[in-house]
Amino acid sequence: MDIEKIKNDIVDFKITDNISLEKFRLSFLSKKGIIPSLFSELRNVPKEQKKEAGQKINDLKKLATEIFEKGKLDFSKAEEKSVIDDFTKPSNILRLGSRHPISIVKNKIIDIFLKIGFDISEGPEIEDDWHNFTALNLPEYHPARDMQDTFYLSKDPDWLLRTHTSSVQIRHMENNKPPIRTISPGRVYRNEDISARSHCFFHQIEGLYIDKNVSFVDLKQTLLYFTKELFGKNKIRLRPSYFPFTEPSAELDIYWGLETETDYRITKGTGWLEILGCGMVDPNVLKNCNIDPNEYSGYAFGLGLERITMLLYQIDDIRTLYENDIRFLSQFSKSI
Ligand code: DAH
């Protein structure tokens, strides 16, 4: 075992690029390289010399490893640089991102309504009092304004952060003539404490259908179609409710079932889940948008996207949706 010679070979080895670096590794460090074979030769060394020889081989290994690691650092930098210099080289593989779960569910819902002739409309997140409240049959001092804790931006002019996407209904009716069939996805804001179940902003989708002879039956059938498509469930009920902009108003519940323990937990043992608010557009709202309620009628509905996303993916803390933790978000990439 000529350790001195091997040491010289290690020190003299010309490492000039990644290829010679790999040769170096193969000669000295790889399983079949010189240093591991020295370790196996130790078996034949007389007992008294074993300790010293072992120590020397260890030192060799340390030396070779240091040279190799240094080479790795030098040439990875060099490689990076050469990629920048040479634009014909293939680039590093880019890790593809994935859609946010809210976007996945939003797109699914949009597709469901596009299939039955709805279009998509959007409106501003900074709204005025007229579009967010007054035109929706919520005049100043109306007690129902308290249902939605509002972020006010200024008093005169009266700017606020929209509390719901119902404001887009108004803008759409002001600018379009019936028949109107539109859905309006968007972000809304409420002055609420942040917790596992609520946040100061979230997303809604609004639906609006205005035409001659639109009735409650149309509303019910559309919602049944929607429920079947999105959740694969075909039992719904419409519970009487109150919204200032619809008359009559209702809340849509779907029958989720009571098969698993989770079903019991999320439906609080009833099997039913509340999904959205809806109703027949109040004639006052139509009048506010210059649509004649004697000629036209319509229905509207509004749903919270976070609620539905959390339900579909069994997410139990709304905050995880906004933390941008890639470990959480990448779980949804397969469901696009
Ligand atoms: N804007 C309501 C909310 O934010 C939801 C809603 C209920 C929208 C009934 C509607 C509707 O269009 O008809 O709570």
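**Figure 1. Domain organisation of the predicted model****.** The domain assignment divides the protein into domain 1 (3-85) and domain 2 (101-335). Taken over C-alpha atoms, the centres of domain 1 and domain 2 are separated by 67 Å.

**Figure 2. Helix α2 (residues 18-29) and its buried side****.** The 12 residues of α2 should span 16 Å at 1.5 Å a residue, and the 15 Å between the end C-alpha atoms agrees with this value. Ser 20, Leu 21, Phe 24 and Phe 28 of α2 are buried. These residues lie on the same side of α2 because they cover an arc of only 105 degrees around the axis. An α-helix has 3.6 residues a turn, so residues three or four places apart point the same way. Ile 19 and Lys 23, on the other side of α2, are exposed.

**Figure 3. Surroundings of His 172 in helix α7 (residues 166-175)****.** His 172 has a relative accessibility of 13% and therefore counts as buried, the cut-off being under 20%. Neighbours within four places in sequence left aside, His 172 is in contact with Asp 119, Ser 121, Ile 180 and Thr 182.

**Figure 4. Strand β7 (residues 246-255) and its pairing with β6 and β8****.** Strand β7 is mostly covered, with 7 of its 10 residues buried. Strand β6 (residues 236-243) pairs with β7 in the antiparallel sense over 7 bridges. The two strands β6 and β7 form a hairpin with 2 residues between them, and Phe 243 stands opposite Thr 246 in β7. Strand β8 (residues 272-281) also runs antiparallel to β7, joined to it by 8 bridges. Cys 278 in β8 is the bridge partner of Ala 250.

Note on methods
Residues are numbered from 1 along each chain as its sequence is written. This is a predicted model: local features need pLDDT of at least 70, side-chain atom pairs count only at pLDDT 80 or more; totals for chains, interfaces and linings use all residues. Side-chain values use heavy atoms; hydrogens and water are left out. Domain bounds come from an automatic or database domain assignment. Helices (H or I, at least four residues) and strands (E, at least two) are DSSP runs, numbered from the N terminus. Buried means under 20% relative accessible area, exposed over 50%, partly exposed in between (1.4 Å probe, protein chains only). Contact means heavy atoms within 4.5 Å. The expected span of a helix is 1.5 Å times one less than its number of residues. The arc is that of the directions from the helix axis to the C-beta atoms. Two strands pair if DSSP finds at least two bridges between them.
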